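Reader: Could you walk me through how to read ring pairs and buried residues in a model?

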Amino acid sequence: MECKRFNQWGSTIYYIGIFTSISGFILLLPLISIIFYIDELIYAPSFLIPAFISIVLGLILAKKFKGYKERTLSVGEDAVIVVSGWILATVFSAIPFIIGQNLNFTQAYFEAVSGWTTTGLSVIDVESAPHIFLIHRSIMQFFGGVGIVLVMLSALSSTFGMKLYNSEGHTDKLLPNLIKSSRVIISIYLGYVVSGTILYVIFGMPVFDAINHSIAALSTGGFSVRANSIGYYDNVFIELITIILMILGTTSFATHLLLVKGKFKEILKLGEIRFMFLVLGIFIPLVTFVSLKDLYTSLYKGIRVGLFEVVSALSTTGFSTVTYNNWPSFAILIMIVAMLIGGGAGSTSGGIKLYRIYLIIKKLIWNIKDKFLPKHQVYRNYVYKADGKIFINKSDILEVYNYAFIYLMVFILGVFIMLVYNYPLQDAMFEFASALGTVGLSVGITSLNAPSIILWTEIIGMLLGRLEIWVILIAIVKIVKNNRKSK
């Protein structure tokens, strides 16, 4: 019986071991900040303990099951590997908050999941938190954004790399050389982070703040080291830098590869990129000129606020320059819709994804055109993606419809749970759209004192939004089926 179980799960456990050990090494990175903040040495055990356990556990699993490394992964095993790896990474990343910040498990796990999923909702007081914990949150967002799979592929040669990469929520194609592509992507993102940090410092942001905000903006994470987020600085140049980083973060990895190759014409042809700017071109004027025109003292201020907040919502970053307590309902509705749409497929962002909404709209247009075509004329519909012209068939459309439907059903369920706790409908819709879309904007529901059920509802929403619902459902079904077979 045990031999049969090992045959079923051997390669799965091997890769989970690799993931777990990588997570442990990532947990050691915040310790670098102690060089600059020596008085925070007392918090070192908060990271050393979980890092040591994670690394040792991962190496033991990888070594024990190394013999299963080359076994072909069956359907669903890639999903089990990714989901299990993410759950272990978030659990170990929560331990520093428990040891060093005295949070209970729910609060600590919420913070860790919010970091790894690049959401940015928070239950800690960032103004009083030690620097080591703030940089820990940013590091989680960086690696959560690029993905543990991509980190693993950049360090190791993986036989099943593309399957694991796709199972982490990426649909873009980086072949023929996936290993090289993964290293290039991480290099690009590190370059963006360094560039963003330098620009922030030039325009007046402290170095520590600049590093954290550059990482958070690029990863579309939104964790800030200030309670008032980007609004704390009240600096238009800092806001413009943040907008650029947020747009870069919500752009697919494959598009960045085109960017570094200088293929700008190909980028301008991409349907998703064009659709993103179309949505921004509609939503920003609606928020600015229709809804906020009487709220702020000048048109300049209204445009500045509307531009930043809409980009933050659509890119699923979650930075803000204002509070939403006095915003009209129409502006809040636009923000909710933007968070539900989300950012680019194959990027660090969440939401239903621009590509899926774009395809739904294109299908509507194609259907109307078909009504006017001769009955026997055959026409193949296509869109432009980073890997070229892609012809769209019925199964592609059906998959998009199914995902959008399930996403909205999960959204409705999350809102329903919040309504049970007597939160206003508008607030419940905004907060859960933010959690499910891995955005991080808040109207005040998420806090240290929020009911545990609310925090766990958001935790589940964040995981579903980051890993994408199909992956988690496939992993659950695979585990149940294999357990039945082994009995």
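Author: Happy to; we will look at aromatic pairs, then at charges over rings, then at one loop residue. This is a predicted model, where local features need pLDDT of at least 70, side-chain atom pairs count only at pLDDT 80 or more, and totals for chains, interfaces and linings use all residues. Residues are numbered from 1 along each chain as its sequence is written, and side-chain values use heavy atoms, leaving out hydrogens and water.

Reader: How many aromatic pairs are there?

Author: Rings of Phe, Tyr and Trp (its six-membered ring) pair if their centres lie within 6.5 Å; planes under 30 degrees apart are stacked, over 60 edge-to-face, and the rest tilted. By this rule there are 20 aromatic pairs. One of them joins Trp86 and Trp116 edge-to-face, at 5.9 Å centre to centre and 70° between the planes. Trp86 lies in helix α3 and Trp116 in helix α4 (helices being DSSP runs of H or I, at least four residues, numbered from the N terminus), so the pair ties together parts 30 residues apart in sequence.

Reader: Is Trp86 buried or exposed?

Author: Buried means under 20% relative accessible area, exposed over 50%, and partly exposed in between, with a 1.4 Å probe and protein chains only. Trp86 is buried at 0%.

Reader: Where is Ser320 found?

Author: Ser320 is in the loop between α14 and α15, and its 14% relative accessibility is why Ser320 counts as buried. With contact meaning heavy atoms within 4.5 Å, Ser320 touches residues including Asn228, Phe308 and Leu441, not counting residues up to four places away in sequence.

Reader: Which ring does the charged end of Arg137 sit over?

Author: The rule asks for NZ of Lys or CZ of Arg within 6 Å of the ring centre and within 35 degrees of the ring normal. The charged end of Arg137 sits over the ring of Phe223, 3.9 Å from its centre.

Note on methods
Helices (H or I, at least four residues) and strands (E, at least two) are DSSP runs, numbered from the N terminus.
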